[in-house]
Amino acid sequence: MIDIKLIRTQPDLVKENIKKKFQDEKLPLVDEVFAMDKEYREAKTRCDYLRGRRNAISKQIGGFMAKGDKDAAAKAKQEVADVAKELQELESREEVLEAEIKKRMMVIPNIIDASVPIGRDDSENVEVERFGEPVVPDFEIPYHVDIMEKFSGIDLDSARRTSGNGFYYLTGDIARLHSAILSYARDFMIDRGFTYCVPPFMIRANVVKGVMSFAEMENMMYKIEGEDLYLIGTSEHSMIGRFMDTILPEEKMPLTLTSYSPCFRKEVGAHGIEERGVYRIHQFEKQEMIVICKPEDSMDWFVKLYMNTVDFFRSLDIPVRTLECCSGDLADLKVKSLDVEAWSPRQKKYFEVGSCSNLGDAQARRLGIRIKGENGNYFAHTLNNTVVAPPRMLIAYLENNLQADGSVKIPEPLRGYMGGKLYLSENQKG
RNA sequence: GGAGACGUAUCGAAGUGGUCAUAACGGGCUUGACUCGAAAUCAAGUAGCCUCUCGUGGGCUCGAGGGUUCGAAUCCCUCCGUCUCCGCCA
């Protein structure tokens, strides 16, 4: 949500931003909000005046009653009744306007950063940088499910029976590898000064609405029947929600946190669930990082955050690249966003394994996350980024560490979490 | 899940239908005075949001939202949360 003052003072800037995101259908909203806001403030001024009158006269009535002056009290009551009548009519208008303005403000996209490349959709995203050589070995790399099955590491048939498509059982060393990667990711971030946190895995509707747009909510969130609770799609939701309606002391900035959680997603959007494999699924686990900081620091943090992910993947010998989200592909709340993609030697292309976003003050404005500064309070900036999200990450891991003899190399940082093993080999029971 | 108690500023807490809610009383914190310094003492200050005709303006917020009333922290309803006991469980 942008500052409504921006619409009051620079409506053209807001419109220009909408055009950059190829959402021209939203252009009329700006003029509508501009007009409604004017009327709203007029109504509010009059309402405030009437409320003031009512308060003052009611106070007088108290005085008359105390003195036993019934006539004066009755006269004052009549006076306040007139005020109340006008107030009631105007108040309902005020409420309607306020709701209509908010409805529109919630869908007007955040102002994107000047550096964001202009483009219609994900086909126009821009590669920024490559890290590591994208190697294609001279032996064939099987589909990731086949690799896992060779280690008796996955059972999709049973999962389909118990839970349906988009779920999985991981077993044996593959399951252990999954946990090992998360544990390593947690320690990796702790070593970089982030504070580890395990958050609630369900949150209320008002928190959901604060951290994401309505469209995202519909396509992602599972609702618990009969309760005001949603399963989180990422720990970012509960981590940012944690600071809802708080005023943080400036000297404590920035807050740098890393969190673990399972993530649940309906995936009803454009792609849907894949037939096979663990690329796009309803349930996965993720180590996440979030930062709450002063506005002037958020772009520096943006770079630091995605570089953490790059470094993490490089430490496991996985080639990656960074891909910047173009204006049309950028979610409405985001100022700037960049995906970290891992190399797939089987598909001979990069695929998304993490996403880093600077939300500016959009989430902070919706949730009421402010910083107490010397010259008054202001909205914080919020950022989030994936450290790692298995089992999707396992695809990249297995494909890049598979050896010609069918074993899978365990890079040094992971060995301590895998019982000291150097390789996974096939000859074991699942 | 059952029964009871409760939710007022930074904390404890008074206020149980009116005429001092920035809010009694007490503590904490900040600044100043006193002091070589500290303690003690004294003084001042210690919410947020919205809005206008920008003034020692006006409005809103007593967990949240509704209702009754000329007027609600106070009465009624719903929800959220906390505590105690019981039940259940990891």
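1. A good place to begin is the overall layout of this predicted model: the centres of domain 1 and domain 2, taken over C-alpha atoms, are separated by 44 Å. In the domain assignment of chain A, domain 1 covers 4-105 and domain 2 covers 122-424.

2. Next, have a look at RNA strand B. Around this strand there are 22 residues, and those that come nearest are Arg51, Gly52, Ser58, Gly62 and Ala66. Two elements, α3 (27-67) and α4 (70-105), each give two or more residues to the surface near RNA strand B. Of the elements there, α3 gives the most, with 16 residues.

3. What is the mix of nonpolar, polar and charged residues on the surface near RNA strand B? Seven are nonpolar, seven are polar and eight are charged.

4. Now to a small piece of sheet. Three strands form an open sheet in the order β5-β7-β6, and their pairing is antiparallel. Because β5 (202-203) and β6 (222-223) stand at the edges with a single partner strand each, one side of each is left without a neighbour in the sheet.

5. You can follow one of these pairings residue by residue. Strand β7 (residues 230-231) runs antiparallel to β5, and two bridges join them. Here isoleucine 203 stands opposite tyrosine 230 of β7.

6. Finally, is helix α13 (residues 392-401) mostly covered or mostly open? This helix is mostly covered, with nine of its 10 residues buried. Among the buried residues of α13 are Met393, Leu394, Ile395 and Leu398, and the list also includes Arg392 and Glu399.

Key: Residues are numbered from 1 along each chain as its sequence is written. Chains are lettered from A and ligands numbered from 1 in the order in which they are written. This is a predicted model: local features need pLDDT of at least 70, side-chain atom pairs count only at pLDDT 80 or more; totals for chains, interfaces and linings use all residues. Two strands pair if DSSP finds at least two bridges between them. Helices (H or I, at least four residues) and strands (E, at least two) are DSSP runs, numbered from the N terminus. Domain bounds come from an automatic or database domain assignment. A residue is buried if 20 or more other C-beta atoms lie within 10 Å of its own, exposed if 12 or fewer, and partly exposed in between; C-beta atoms are placed from the backbone. A residue is near a molecule or strand if its C-beta atom, placed from the backbone, lies within 6 Å of it. Ala, Val, Leu, Ile, Met, Phe, Trp, Tyr, Cys and Pro count as nonpolar, Asp, Glu, Lys and Arg as charged, and the others, Gly among them, as polar.
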